[in-house]
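Student: I should like to request a close look at a single part of this model. Please describe how its helices pack against one another, and then place that part in its wider setting.

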Amino acid sequence: MPLPKRIWQWFTRTRVGRSIFRIGLPESNLERSQVMVSSFLLHVQPAKVNRHSLRASYSLGLGLILLYLFLILIVTGVLLMFYYVPSTEKAYDIMKDLQYVVSAGLVIRNMHRWAAHLMVLFVLLHMCRVFYTGAYKRPREFNWVIGVGLFLLTLGLSFTGYLLPWDQLAFWAITVGTNIAGYAPVIGPKLKYLLLGGNVVGQEALTRFYALHVIVLPTAALFMVAIHLWRVRKDGGLSRPDEPGDIVQQIELKQLPTNKTYGLMELARGTTPQVGKNPEDEVFAWPHLVFRELLLFLLVMAVVLFLAIFWNAPLEELANPIHPPNPAKAPWYFLGLQELVSYSAFWGGVVVPGLLVTALMLLPYMDRQRKGVGRWFARERAVANTIFSVCLVIAIALTVIGTLFRGPNWGWVVPWKQPPAITEGH
Amino acid sequence: MNHSPSENKSEVSRRSFFQLTLGWLASTFAVAASAAGAVRFLVPNVLYEPSLRFKAGKPDDYPDGSVTFMEAERVFLVRQGNTFRCLSAICTHLGCTVNRADHGYHCPCHGSVFDDQGAVKSGPAPRGLEWFQVTLSKDNRLLVDKNQRVAADKYLIL
């Protein structure tokens, strides 16, 4: 037996160790269940999981990757808070300090930046996975809606964080972004005034974005992630195809006789993994699930560190309200939106995104087909998948155009040709 | 809850009346008033922004036929002969600062083009650039008031 394991086993058998961990490293199936149930961190997960849920080719681990990215963002974000001051006079200098003076400051800021970019990307991928496997259908409709909320929160977090370095990139992306908000009917101008704490992007706006970025939005996201995960369990774990022998019919709570008392187990819903399932389909979460989760965490950390070490987060010149960079571009995930806005601010900035979000929220309630859950690209879902794919391709195309094919004055450029230098016209 | 048998069932009982008024209405009011107070708290009463009324120097500082960009105020001061006008440099589309071109103005963010009169020639801008009132102060300085919007053909003639 290796030495660390021996020390661990000795410790968990001492009085102190037992008071903390209750179950040491599990040796039997009973202990494998107990270790999951008795630990605060592990009890969020079931003691036994369906084999289908463990298949990497089904879930691709996207939700878990997002959770890890979020954790990396919290830790690196808190570290950055120890230096950062939300002041228009100091913020930019502190960014320079983080790059050149603070030990590991550059890598930690880079990690925060890349994890944030990856989080937006993986929210989109996660949404695609859930759509193409039909996983948003009953009883998981509301969890999809919470997911859309988390998507918006991710964008909000990213957008508010974008201003904090107080460089040119930050200043103009936020100027453009908040002006789009100003186009919203009726409440638009008031919303913009409230968001900026004034008419222009200045100290008040920086203070407000800071408060939103470090406390308001992360707390909201944390709360909604908790509900999202809790509902995954309550809705019967990951979606999977119906198997023979499953109790497909759900026991609705209201159908039970009301004139008797029930134990908690009797009130559990009929779709939980344990009910009506073959025991052969289930494996113990310890070690099968826990091991995979740790492995995936290592992978995510490795990728984020790799990106952070080899590619620096951008930092342009100090914010200058006089000279917008030409072209002034929003973050990449908003460039599809900016491309639309270049045709019409109201239609592109308010109507199209508004309709898209509404459609996403209502989707699980509009699509009543029960078939094709738990399989990628199910034949029964050809129509829904086609519509979704068309929207996706349009969104990607607009983003690619905005990112690569738009140059000075938002004119057309081809990415393989360097655009001519712009001379200031003033 | 034993009510006297003679009590009329359709009448609102004292208990449900108090539940409605003191319970539900008061709770709703408390929540709504707190929310309204919080939102009002977030609306600033004082802005520490540059003043919208500013002096732009002596009329002779600007040569005839010149268009001068004033950085801090983000406006162009336009002189033609003995006439003076002031044009906003903030694009009406999404608030970028426009650049002076050979003829008119270009917005670098989304490609709006304005002519010399500030009217939209092309691009997504919904309106032309704003013109601001220019007057002469008592000490013979040009006085621009960005609160006062005027038509493109309104000049200060000296």
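Tutor: The wider setting may come before the helices. In this predicted model, the centres of domain 1 and domain 2 of chain B, taken over C-alpha atoms, are separated by 50 Å. The domain assignment places domain 1 of chain B at 13-43 and domain 2 at 53-157. For chain A, the assignment gives domain 1 as 1-39 and domain 2 as 53-240 + 286-410, and 39 Å lie between the centres of these two domains, again over C-alpha atoms.

The part to examine closely is the packing around helix H9 of chain A, which spans residues 141-163. Two packed helices are described by the angle between their axes and the distance between the axes. For helix H8 of chain A (residues 105-132) and H9(A), the axes come within 10 Å and cross at roughly 160°. Because angles over 145 degrees count as roughly antiparallel, H8(A) is roughly antiparallel to H9(A). H8(A) passes H9(A) in a left-handed crossing.

The residues of this contact can be named. From H8(A) come A:Ala116, A:Met119, A:Val120, A:Val123, A:Met127 and A:Val130, and they meet A:Trp144, A:Gly147, A:Phe151, A:Thr154, A:Leu155, A:Ser158 and A:Gly161 of H9(A). By class, the contact of H8(A) with H9(A) has 9 nonpolar and 4 polar residues, with no charged ones.

H9(A) also packs against helix H12 of chain A (residues 203-234), at an angle of about 155° and with the axes 9 Å apart. These two helices are therefore roughly antiparallel to each other as well. The crossing of H9(A) past H12(A) is left-handed. Here the contact comprises 17 nonpolar, 8 polar and 1 charged residues.

Chain A also meets chain B. In that interface, 31 residues of chain A are in contact with 23 residues of chain B. On the chain A side, helix H10 (residues 168-181) gives the most, with 5 residues. That side of chain A divides into 15 nonpolar, 14 polar and 2 charged residues.

Finally, the confidence scores should accompany any reading of this arrangement. The model has an ipTM of 0.79 and a pTM of 0.87. The average pLDDT of chain B is 86, and 94% of its residues score at least 70. Where pLDDT is low, the predicted coordinates should not be read in detail.

Note on methods. Residues are numbered from 1 along each chain as its sequence is written. Chains are lettered from A and ligands numbered from 1 in the order in which they are written. This is a predicted model: local features need pLDDT of at least 70, side-chain atom pairs count only at pLDDT 80 or more; totals for chains, interfaces and linings use all residues. Two residues are in contact if their C-beta atoms, placed from the backbone, lie within 7 Å. Helices (H or I, at least four residues) and strands (E, at least two) are DSSP runs, numbered from the N terminus. Ala, Val, Leu, Ile, Met, Phe, Trp, Tyr, Cys and Pro count as nonpolar, Asp, Glu, Lys and Arg as charged, and the others, Gly among them, as polar. Domain bounds come from an automatic or database domain assignment. Axes are lines fitted to C-alpha atoms, for helices over the stretch in contact, and angles run from 0 to 180 degrees between N-to-C directions. Angles under 35 degrees count as roughly parallel, over 145 as roughly antiparallel, 65 to 115 as roughly perpendicular and the rest as oblique. A crossing is left-handed if the near helix is turned anticlockwise from the far one by less than a right angle, and right-handed if clockwise. pLDDT is the predictor's confidence in each residue, from 0 to 100.
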